[in-house]
Each structure stands twice: as structure tokens, then as C-alpha cells.
Amino acid sequence: MRNKLIPILLSLIFLLAACTSPAEPTTLKIAVLPIIDTLPMYVAQQEGLFAKHGVNVEFVPVASAPERDQILAAGQADGTINETLAVMLFNRESAQMQVVRYALRPTEGHGHFFIIASGQSGITDVNGLKGIEIGVSQGTVIEYVTERLLQAEGFTADEIKTVAVPKIPDRMALLASGELSAGVMPDPLASLVVAQGGVIVADDSTRPEYGFSVISFRKAVIDENPKAIEGFLAAIEEATTLVNADPARYKNVLSENNLVPPPLLDAYQAPIYPSAGVPTEAEWQDGLNWLKEKGMLNVDVSYEDSVNASLLP
């Protein structure tokens, strides 16, 4: 009797195995602003690289950094492109987010943020900014980069003046009209201001330790789905190689996702995207020091708990 049961049991096991479908790939929801930093993500999606590495990716468009942060805090997105400053503020009480990779990092000839003087201001070089109000989004990476760039040029604290103009379209309009003598703009919108007569007087292309962005995920998502994050980052690595090798091939991605204004599309040169890597402890500490100087943080946020290089390919 026992010998007769064995083939029956084996048949049942094979039948159950045949009926069991493979596990569905994990879906990662990524909050995305319309910024040039996101290009490798869109290329990875277009080229099927996320699927190749066993992960589904759903983009959640957001219009502003505050909206992005609200969606992340509510658990409606798993990851995003932001800055270490934003991660520090998330982690002020406990580790809520972790940086897993650089997203975009300035390189020689490819700045990320630009200090631009209005064409009507008469300012032609960085020294002309001493004591001049510079339009920024206060308490953000834009103000941080502005202050650090001017300090590197030898400006004293009382020579650096900033004024809050949080919305980029407002900053552009005020620069064009001359009501604002100087302002800070990201790539590629800086080119539009220059086309309207603006003059670039400083940028972060020689100071990459300030103007970089990062890919970060909620720590709960990393803890639950480390393999999905690894797959995501492997796909980003392949996409980065493709973009750097032939950026013109992805002009459609720039257009379809509103990453570059239409007037700039034909002449625009995409930046060089960084290969796998995470911010250094020195870069983290400098941003932390700035937030504490501004009174936006009064605690030390741990680099070890907030930056995770272990998932990189």
C-alpha cells in the first residue's frame, strides 16, 4: 500500500508545482519632479531595464519638493531623487530614509546650479554679487549651494545676501525684468535666463561636493525589499552608461517628460551622469553643518544610518 501511495504523492507535488505561478516582481513607486536628474530613470524604463532586473517601477509625478516630501512621508511613494539635506530633515528623529546612490553630480563644464545676474544689473562677474540680493528658494539645496560657492570665492557672511523667491518661474520673470539683480537657477532652465540676457557669474561645476542630487528610498522599503532596490540600481547603472554614451538618442525622453523646455531641445547637451557611488561622509557633514547653522536642525543625523552603499551593483 505504501509503495502505491508514493507515486500518487509525487504526482500531487508536481501538479501543485505546475499550478503555482512565479512570484510577481516588486513594484517600486518613485516620486519624480520634472528635472534633468531623472533622465536615466526614464531611459531605464524605456529600454526595459527595470523588467530585465526583475523589478516594476511606477513613476509618481510631483510638482514641487514639498509635495514630493509629503507623498514620501505618507508612504505613497517608495523612493525619489532629492538631496542629502532633505534626507537629514526626514531623519532628524530616526532613520526614515536612506541615500543609495548619487543621481546627478556636477562635472567640469556641466554645472547643476548657476548664479545668474540679470542683464540689466550691470553685474559681469562674481565679485559684483557682494551685498546684492540673490533670489533663492530658502532652506533648500539652492540656498546651500549659493552660500558655499560665494564663501569659496572669499565672500564674508555680511557680503552674502539672499532673498526668498521660492518659485522658479517667478525667479525667471524677475531676472528678465531686472527687478531681481541676481538669482540661482538649475540646469537646463539657466539657459533660458541666459537667452533673455542673463549672465552666469558662478556655478558649481568645479565644486561638485555641493550641488549633487541623490536617489533615496524609505528605509522600511529597503528593509522589506532589498533585492528590488538592487535590481533598480542595476538598471540605473545600465541606463547611465547608455545615456553617457549617446545622449542625443534620448531626446524624445527629454521632450515627453518635460525635462527640457522646447526652445532648448535642439541645442541642449545632457550632463554626464555619475556611475555607482554615494556621498562621502565629508559631503554629508558639510550639509549637516549648514542646516544647523540655519537653525533648521539641532541634532546630529547619523551618516551611517542614512547613507547605504551596500545595494549598489
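I looked up Glu-238 first and found that its side chain meets that of Lys-52 in a salt bridge, 3.0 Å from N to O (a side-chain nitrogen of Lys or Arg within 4 Å of a carboxyl oxygen of Asp or Glu). Glu-238 lies in helix H10 (residues 226-245) and Lys-52 in helix H3 (residues 49-52), so this pair ties together parts that are 186 residues apart in sequence; helices here are DSSP runs of H or I, at least four residues, numbered from the N terminus. Glu-238 is partly exposed at 26% relative accessible area, while Lys-52 is exposed at 54% (buried is under 20%, exposed over 50%, partly exposed in between, with a 1.4 Å probe and protein chains only).

I noted that this is a predicted model, in which local features need pLDDT of at least 70 and side-chain atom pairs count only at pLDDT 80 or more, while totals for chains, interfaces and linings use all residues. Residues are numbered from 1 along each chain as its sequence is written, and side-chain values use heavy atoms, with hydrogens and water left out.

Next I checked Glu-147, which forms a salt bridge with Lys-294, their closest N and O atoms being 2.6 Å apart. Glu-147 sits in helix H6 (residues 141-152) and Lys-294 in the loop between helix H12 (281-293) and helix H13 (303-306), so the pair ties together parts 147 residues apart in sequence. Glu-147 counts as buried at 10% relative accessibility, whereas Lys-294 is partly exposed at 36%.

I then turned to Glu-293, which forms a salt bridge with Arg-148 at 3.7 Å between the closest N and O atoms. Glu-293 is exposed at 53% relative accessibility, but Arg-148 is buried at 6%. I also recorded that salt bridges sharing partners join Glu-143, Glu-147 and Lys-294 into one network.

Conventions. Helices (H or I, at least four residues) and strands (E, at least two) are DSSP runs, numbered from the N terminus.
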